[in-house]
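Hi,

Here is the structure I promised to pass on. Have a look at it first, and then read my notes below.

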Amino acid sequence: MNDHLLEVNQLKDEFLANTSHELRTPLNSIIGFLTLLTEGYYDNEEEMRLFTKNALESSRHLLSVINDILDISKIEAGTMDTHIEKVYAEELIEEIQSLFEMQAEQKGLVLKCSTKNPPLFAAADIQKIRQVLINLVGNAIKFTPEGTVNLMAEPKNGKIQFTVRDTGIGIPRDKLDRVFQKFIQVDGSATRRYGGTGLGLAISKHLVEMMGGRIDVR
């Protein structure tokens, strides 16, 4: 038990150190680019747009990190709730594709999104399903240097099964059972290389289970 507590505390310390870095990096970037803009340190309109774009991208990354922290806090406090409504899988799939097709194209990846046997619908919280799929597809694109990322929705045992497959770097078999745990990062070096808090999968698991679903990885 003591060894387990020590491990948890160590993981929390590593998580806090990593999250601190994840917060400071985009914030410093935003301050830097906005300073260049307000001081007029740009040669032409094209460079001004580039600085603005970089500040905006850093802002979005910062918001993503903050949202993860807030979500995990709500989960820990038991204050997160659901709003159940009728959700159509094909509409959600199309939305995810439109969100990520540019990002995938910029990396030279093929993004394939499809729905089997439409129309498919379920009673669920669309915001939470969207958040989970954004996390999974975003991770797939982030950790896939070349090849394809596939997102499919299909009927299975009276429910909808969403599947994300990619040709990315993969996860060691002996680490598969740890990927959904809080404060666990399967590969610290990979996390530092690619960025992120490491909370996304833990949050996704909780959101899926709140709606009576199940999530796993192979």
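**The sheet and what packs on it**

C113 has L151 as its bridge partner in β4. Keep in mind that this is a predicted model. That pair belongs to the parallel pairing of β2 with strand β4 (residues 148–156), which runs over six bridges. You can also find K112 of the model standing opposite N150 in β4.

Zooming out, the sheet is an open one with three strands in the order β2-β4-β5, and its pairing is mixed. Why is one side of β2 and of β5 left without a neighbour in the sheet? β2 (110–115) and β5 (159–166) stand at the edges and each has a single partner strand, so one side of each has no neighbour there. From one strand to the next, the twist averages 10°.

Two helices pack on this sheet. α3 touches β2, β4 and β5, and its direction makes about 175° with that of β2. α4 also packs on the sheet, touching β2, β4 and β5, with its direction at about 20° to that of β5.

In a regular strand, side chains alternate between the two faces of the sheet. β2 shows this nicely: L111, C113 and T115 point to one face and are buried, whereas V110, K112 and S114 point to the other and are not.

**Helix against helix**

A packed pair of helices is described by the angle between the axes and the distance between them. Helix α3 (residues 89–106) and α4 pack at about 30°, with their axes 10 Å apart. An angle under 35 degrees counts as roughly parallel, so that is what α3 is to α4. The crossing of α3 past α4 is right-handed. On the α3 side the contact is made by L92, E95, I96, L99, F100, Q103 and A104, and on the α4 side by I126, I129, R130, L133, I134, V137, G138 and I141. Those residues divide into 11 nonpolar, two polar and two charged.

The other pair to look at is helix α2 (residues 45–77) with helix α6 (residues 200–210), which pack at an angle of about 45° with their axes 10 Å apart. That angle makes α2 oblique to α6, and their crossing is left-handed. D68, D71, I72 and I75 of α2 meet G200, I203 and H206 of α6. Here the split is three nonpolar, two polar and two charged.

**Three asparagines and a cis bond**

Is N135 buried or exposed? Its relative accessibility is 19%, and the cut-off for buried is under 20%, so N135 counts as buried. N135 lies in helix α4 (residues 126–142). Leaving aside neighbours within four places in sequence, N135 is in contact with G200, L201 and S204.

N117 sits in the loop between β2 and β3. Its phi is near 60°, a positive value in a residue other than glycine, and at 52% relative accessibility N117 counts as exposed. The loop between β4 and β5 holds N157, where phi is near 50°, again positive in a residue other than glycine. N157 counts as exposed too, at 75% relative accessibility.

Finally, look at P118 and P119: a cis peptide bond joins them, with omega about 0°. P119 lies in the loop between β2 and β3 (121–124).

Cheers

Technical notes:
Residues are numbered from 1 along each chain as its sequence is written. This is a predicted model: local features need pLDDT of at least 70, side-chain atom pairs count only at pLDDT 80 or more; totals for chains, interfaces and linings use all residues. Side-chain values use heavy atoms; hydrogens and water are left out. Helices (H or I, at least four residues) and strands (E, at least two) are DSSP runs, numbered from the N terminus. Buried means under 20% relative accessible area, exposed over 50%, partly exposed in between (1.4 Å probe, protein chains only). Contact means heavy atoms within 4.5 Å. Axes are lines fitted to C-alpha atoms, for helices over the stretch in contact, and angles run from 0 to 180 degrees between N-to-C directions. Angles under 35 degrees count as roughly parallel, over 145 as roughly antiparallel, 65 to 115 as roughly perpendicular and the rest as oblique. A crossing is left-handed if the near helix is turned anticlockwise from the far one by less than a right angle, and right-handed if clockwise. Ala, Val, Leu, Ile, Met, Phe, Trp, Tyr, Cys and Pro count as nonpolar, Asp, Glu, Lys and Arg as charged, and the others, Gly among them, as polar. Two strands pair if DSSP finds at least two bridges between them.
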